[in-house]
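This report describes the strands, pockets and cavity of one protein model. Please keep the sequence and the structure in view while reading.

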Amino acid sequence: PVTSGKTKIDYFIGGKDVEPRDNSKQHFEETLVLMPGLGVEPIRPDYTPTFPMLSEEPIEIGLSWGEMKFTYPHLERLKAIQQATNKRIRYCVLGISPTRFTYLTAKRDLEDFFGKEQVHVLPTLDNDDYMRALEKCHLLLDSYPFGSYNRVVDGLLCKKPLITLEGEKSYQRFAAAL
């Protein structure tokens, strides 16, 4: 859902609900053609939620993004949330790749940044274990600036509240549109 940046492509097909028509010239080399809806179809997980009982504290906030979508400014926003509340919260990070030391590095860095007790980092899980881990979260936060469309769909299937920042580009608007 982004421009190709190529002048040899004439049209880009997008979704009316997520592409702001008034600034398409700013974001697209192509002529933007809008379809009703989002312009994409989610992959619906094969999972039936179990709706487990959740403890009052810590409040588990799910970050199901994978390591490629973490940015320092967004981490600073999360730290500000953590510091502004009088409730005990813990970020549950789902989907960090277990390969090439990525998991170990991400786990160490996130524990150093938030505090060891305030973050729980899980490696990539099989689908059922991942969905069960999502269900143990009180709420989910979307990544920014590049949103997690399919992961948002997973969370909504589990009936989890979602907080997202809406930007100007479609990949920053899918979660809000859903």
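## Strand β2 and its partner

In this predicted model, strand β2 covers residues 31-35 and has two unlike faces: L32 and L34 make up the covered face, whereas T31, V33 and M35 make up the uncovered one. A general rule helps in reading this pattern: in a regular strand, side chains alternate between the two faces of the sheet.

Strand β2 pairs with β1 (residues 11-15) in the parallel sense, and five bridges link the two strands. Within this pairing, L34 of β2 is the bridge partner of G14. In general, the strands of a sheet pair through backbone hydrogen bonds, in either a parallel or an antiparallel manner.

## The five-stranded sheet

Five strands form an open sheet in the order β5-β4-β3-β6-β7, and the pairing is parallel. Which strands stand at the edges of this sheet? They are β5 (119-123) and β7 (162-163); each has a single partner strand, so one side of each is left without a neighbour in the sheet.

Strand β7 runs parallel to β6, and two bridges join them. One bridge partnership is that of L140 with L162 in β7.

## The enclosed cavity

How many cavities of 30 Å³ or more does a search of the whole structure find? The search finds one, and the space within the largest cavity is about 50 Å³.

Both L140 and L162 belong to the lining of this cavity, together with S64, W65, L141, D142, S143, S148, R151 and V152. Strand β6 and helix α5 each contribute at least two of the lining residues. Sorted by class, the lining holds five nonpolar, three polar and two charged residues.

## The largest pocket

The largest pocket has a volume of about 180 Å³. Its lining consists of 12 residues, and those nearest the centre of the pocket are K69, G147, S148, Y149 and N150. S148 also appears in the lining of the largest cavity.

Which helix gives the most to the lining of the largest pocket? Helix α5 (residues 149-157) does, with three residues. By class, seven residues of the lining are nonpolar, three are polar and two are charged.

## The second largest pocket

A volume of about 160 Å³ belongs to the second largest pocket. The residues that line it are I61, H74, R77, L78, I81, L139, L141, D142, I163, T164 and L165. Two of these, L141 and D142, are also found in the lining of the largest cavity.

Helix α2 (72-84) and strand β6 (139-141) each supply at least two residues of this lining, and α2 gives the most, with four. The lining comprises seven nonpolar, two polar and two charged residues.

## H74, a residue of the second lining

H74 lies in helix α2 and is one of the residues that line the second largest pocket. Is H74 buried or exposed? Its relative accessibility is 5%; because residues under 20% are classed as buried, H74 counts as buried.

The side chain of H74 makes a polar contact of 3.0 Å with the side chain of R77, and R77 is likewise part of the pocket lining. Apart from its neighbours within four places in sequence, H74 is in contact with W65, D142, S143, Y144 and L165. Among these, D142 and L165 line the second largest pocket, whereas W65, D142 and S143 are found in the lining of the largest cavity.

How values were computed:
Residues numbered from 1 in each chain as written. Predicted model: local features only at pLDDT ≥ 70, side-chain atom pairs only at ≥ 80, totals over all residues. Heavy atoms only, no water. 1 Å grid on protein atoms, 1.4 Å probe; cavity = no way out; pocket = protein on both sides within 12 Å on 5 of 7 lines; lining within 4 Å. Points joined across faces, edges and corners; volume = space filled by probe spheres on them. Nonpolar A, V, L, I, M, F, W, Y, C, P; charged D, E, K, R; others polar. Buried < 20%, exposed > 50% of the residue type's maximum accessible area, 1.4 Å probe, protein only. Polar contact = N/O pair within 3.5 Å; in protein donor to acceptor, adjacent residues only side chain to side chain. Contact = heavy atoms within 4.5 Å. Pairing = 2+ DSSP bridges.
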